[in-house]
Amino acid sequence: MDAIRKILITGASGFVGSRAVEALQTGYELLTPSHKELDVTDAANVDSYIAAARPDAILHLAAISDTGYCEEHPDESYQANVLSVENLAMAAEKYGAKLVWFSSDQVYNGNIELGLLPEDVTVSPENHYGRHKLLAEQRALELCPGSVALRATWMFDAERPGMRTHRNFVINFRNAIENGTPLRFATREFRGITWIGDVVRNIPFTFDLPGGVYNFGAENTFNTYETAAEYARLQGLDPDTIVIPDTVRFAEHIRNISISMDKAHKASNGKINFPTTLEGLAAYIS
Ligand SMILES: NC(=O)c1ccc[n+]([C@@H]2O[C@H](COP(=O)([O-])OP(=O)(O)OC[C@H]3O[C@@H](n4cnc5c(N)ncnc54)[C@H](OP(=O)(O)O)[C@@H]3O)[C@@H](O)[C@H]2O)c1
């Protein structure tokens, strides 16, 4: 693969996109069209934009990332989360650009086995968002075998001026402390939670990955309640005052979407590295 110099970032105004722009703007020429300038669900628009711009790489972050919204609007989710990936994959293959895009750990949300999950475990997602991300992974690799899908975890950051920030783990927590309203966290859920700074720091190494699907974020062996309780302790708080164990949620079956980072770590010769969720939360506080 030739050196990557010019990168098209879709979804550059979004939570991940705005921080990716900040991290990549030194060292790369970035193309950051707005939704209006480049509608990724429009195949002709995508083809003509990439034909003219000829990026070396495409970081495709435009999507509908709200799982609840996707559940209620499956057609819109299909357009934004499957069709867009197909459009970018076709154009990347046609014009010789490296495609890297964000899938999600939600592809594992039907898994019940414990432990950190590798990419080749059998998956059976239980919601539209997870099913659409999985379908997009399959379509992308059919259309553009060199494309790279990154199964990202739930990410967090504080609000930043000029950047979109969704509610996330640390903001929910801070609001709970300020309002004096304890939060419930599931004891039967296991998931990685990753600081966005660690995500965007690792993105440059993903352009050198061979085509495929890769987990991409923090490993976490603790359940979500234990994770939240430890985050309270890290802030010098008594967990019992702010974190309530929710033993009912996921009562029907354990929900484990915790990822193993072995594949991306090895495929990048150790360059792709994430602290664990608890290490990342500790570093974020300090
Ligand atoms: N946030 C997380 O914790 C998380 C976790 C796992 C995976 N992911 C994945 O990471 C990626 C980025 O997520 P995010 O949280 O940054 O999402 P986000 O904040 O909701 O941003 C989505 C971006 O996509 C753009 N967009 C939506 N539809 C478009 C279209 N048809 N054409 C062009 N642009 C369009 C939006 O622009 P407008 O607002 O102008 O429409 C916005 O810039 C997504 O693939 C998401 O599924 C996110």
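Here's a quick tour of a ligand's surroundings, one helix and one glutamate. What you're looking at is a predicted model, where local features need pLDDT of at least 70 and side-chain atom pairs count only at pLDDT 80 or more, while totals for chains, interfaces and linings use all residues. Residue numbers start from 1 along each chain, as its sequence is written.

**Around the ligand**
- The ligand is surrounded by 24 residues (C-beta atom, placed from the backbone, within 6 Å of it), and Gly-11, Gly-14, Ala-62, Ala-63 and Phe-102 are the closest.
- Two or more residues of this shell come from each of α1 (15-24), β4 (98-104) and β6 (154-156); helices (H or I, at least four residues) and strands (E, at least two) are DSSP runs, numbered from the N terminus.
- The top contributor is α1, with three residues.

**Helix α8**
- In α8 (residues 224-234), the buried residues include Tyr-225, Ala-228 and Tyr-231; buried means that 20 or more other C-beta atoms, placed from the backbone, lie within 10 Å of a residue's own.
- Among the elements covering those buried residues are α6 (169-179), β11 (243-246) and α10 (277-285).
- Just past α8 sits Gly-236, with a positive phi of about 80°.

**Glu-86**
- You'll find Glu-86 in helix α4 (residues 74-95).
- Glu-86 counts as buried because 20 other C-beta atoms lie within 10 Å.
- Skip its neighbours within four places in sequence, and Glu-86 is in contact (C-beta atoms, placed from the backbone, within 7 Å) with Arg-139 and Leu-143.
- Leu-117 is 31 residues from Glu-86 along the chain, and their C-alpha atoms are separated by 26 Å.

Definitions and conventions. Buried ≥ 20, exposed ≤ 12 C-beta atoms within 10 Å, placed from the backbone. Contact = placed C-beta atoms within 7 Å.
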